Amino acid sequence: MKRIKGKLRILYVVSIMPPYPGGAAVDYAVFVKGVGSDRFSERVESVTVLTEKGCSKNYASPKIRIKDILLNYDTAPSTSKSFFSQMANYTTILWHILFGGYDIVHIHARYVYARYSGRIVWLALALSRACAVVDLRDRFYNGLGFGVNFIVCSDALKKYYSRINGARCIPVPIDFPDEKVLKKGGENIAYFGTIAANKGVY
């Protein structure tokens, strides 16, 4: 495919997207809709999401492409998780990072956690021509803290990862319902727990 001069090709790598539940699914859906909107039409050529099978492809912008080609691992029952599926997913991810021709790669740190495979992904990010962003959303990351860009979703996480110089805090995105929906009323649900401040929710 011929490149459009001066425009960016962006890759998001995350295991879950809607309709799967979970913070990552909600947050990345907001990221993708925002970057793929008309607001950035002069800067963005395409937005590709590499995710697990079964994710929704219903996005209004023609520049957004959902590639749900990763085998179900995070979305599979614990008894169905296989080493083969995980290795196949890492191979697909590495190919996209190294040979996909993307200008920006925004990847959930879940794929950089693993002791050995994760470091290979980190190396691929560091060696790729893309501006690489590792997205830290919890306290599980114990890998290398240099060579790529890091973002966190809360001040609490930024403090926790103080060993990573230059990590930037980008708060959890919130997509508010339409005003008409809010006026109808309904149930309100709030979650409070030890993970709340970690996720930037107070």
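The legends below describe close-up views of a predicted model.

**View 1. Overall order of helices and strands in the protein chain.**
The predicted model contains 5 helices and 7 strands, and, read from the N terminus, these elements follow one another as β-α-β-β-α-β-α-β-β-α-β-α. Of the 202 residues in the protein chain, 43% count as buried. When contacts between residues at least 6 apart in sequence are considered, 54% of them join residues at least 24 apart.

**View 2. Helix H2 and its two faces.**
Helix H2 comprises 17 residues, 83-99, which at 1.5 Å a residue should span 24 Å, and the C-alpha atoms at its ends are indeed 24 Å apart, in agreement with that expectation. Buried in this helix are Ser85, Gln86, Asn89, Tyr90, Ile93, Leu94, His96 and Ile97. Because these residues cover an arc of only 165° around the axis, they lie on the same side of H2. The spacing of such positions follows a simple rule: an α-helix has 3.6 residues a turn, so residues three or four places apart point the same way. On the face of H2 that is turned away from the buried side are the exposed residues Phe84, Thr91 and Phe99.

**View 3. Packing partners of H2 and the residue that follows the helix.**
The buried residues of H2 pack against four strands and a helix, namely E1 (8-13), E2 (44-52), E3 (64-70), E4 (104-108) and helix H3 (117-127). Just after H2, glycine 101 adopts a positive phi of about 75°.

**View 4. Aromatic pairs around tyrosine 28.**
The structure holds 10 aromatic pairs, one of which is formed by tyrosine 12 and tyrosine 28 in an edge-to-face arrangement, with 6.0 Å from centre to centre and 85° between the planes. Since tyrosine 12 belongs to strand E1 and tyrosine 28 to helix H1 (residues 23-35), this pair ties together parts that are 16 residues apart in sequence. Both tyrosine 12 and tyrosine 28 are buried. Tyrosine 28 also pairs with phenylalanine 31, and because the ring centres are 5.6 Å apart and the planes stand at 85°, this pair is edge-to-face. The two residues both lie in helix H1, 3 residues apart, which is about one turn of the helix. Tyrosine 28 has a relative accessible area of 0%, whereas phenylalanine 31, at 15% relative accessibility, still counts as buried because the cut-off for burial is under 20%.

**View 5. An aromatic cluster and a charge over a ring.**
Ring pairs link Tyr141, Phe150, Tyr160 and Tyr161 into a cluster. In a separate inset, the charged end of lysine 81 sits over the ring of tyrosine 73, at 4.9 Å from the ring centre.

**View 6. Strand E5 and its pairing with E4.**
Strand E5, formed by residues 131-136, is mostly covered, with 5 of its 6 residues buried. The strands E4 and E5 run parallel and are joined by 5 bridges. Within E5, aspartate 135 is the bridge partner of histidine 108.

**View 7. A cis peptide bond in the loop between E1 and H1.**
The peptide bond that leads from proline 18 to proline 19 is cis, with omega near 15°. Proline 19 lies in the loop between strand E1 and helix H1, the elements that contribute tyrosine 12 and tyrosine 28, respectively, to the aromatic pair of View 4.

Technical notes: Residues numbered from 1 in each chain as written. Predicted model: local features only at pLDDT ≥ 70, side-chain atom pairs only at ≥ 80, totals over all residues. Heavy atoms only, no water. Expected span 1.5 Å × (residues − 1). Buried < 20%, exposed > 50% of the residue type's maximum accessible area, 1.4 Å probe, protein only. Arc of directions from axis to C-beta. Contact = heavy atoms within 4.5 Å. Phe/Tyr/Trp six-rings, centres within 6.5 Å; stacked < 30°, edge-to-face > 60°. Lys NZ or Arg CZ within 6 Å of the ring centre and 35° of its normal. Pairing = 2+ DSSP bridges.
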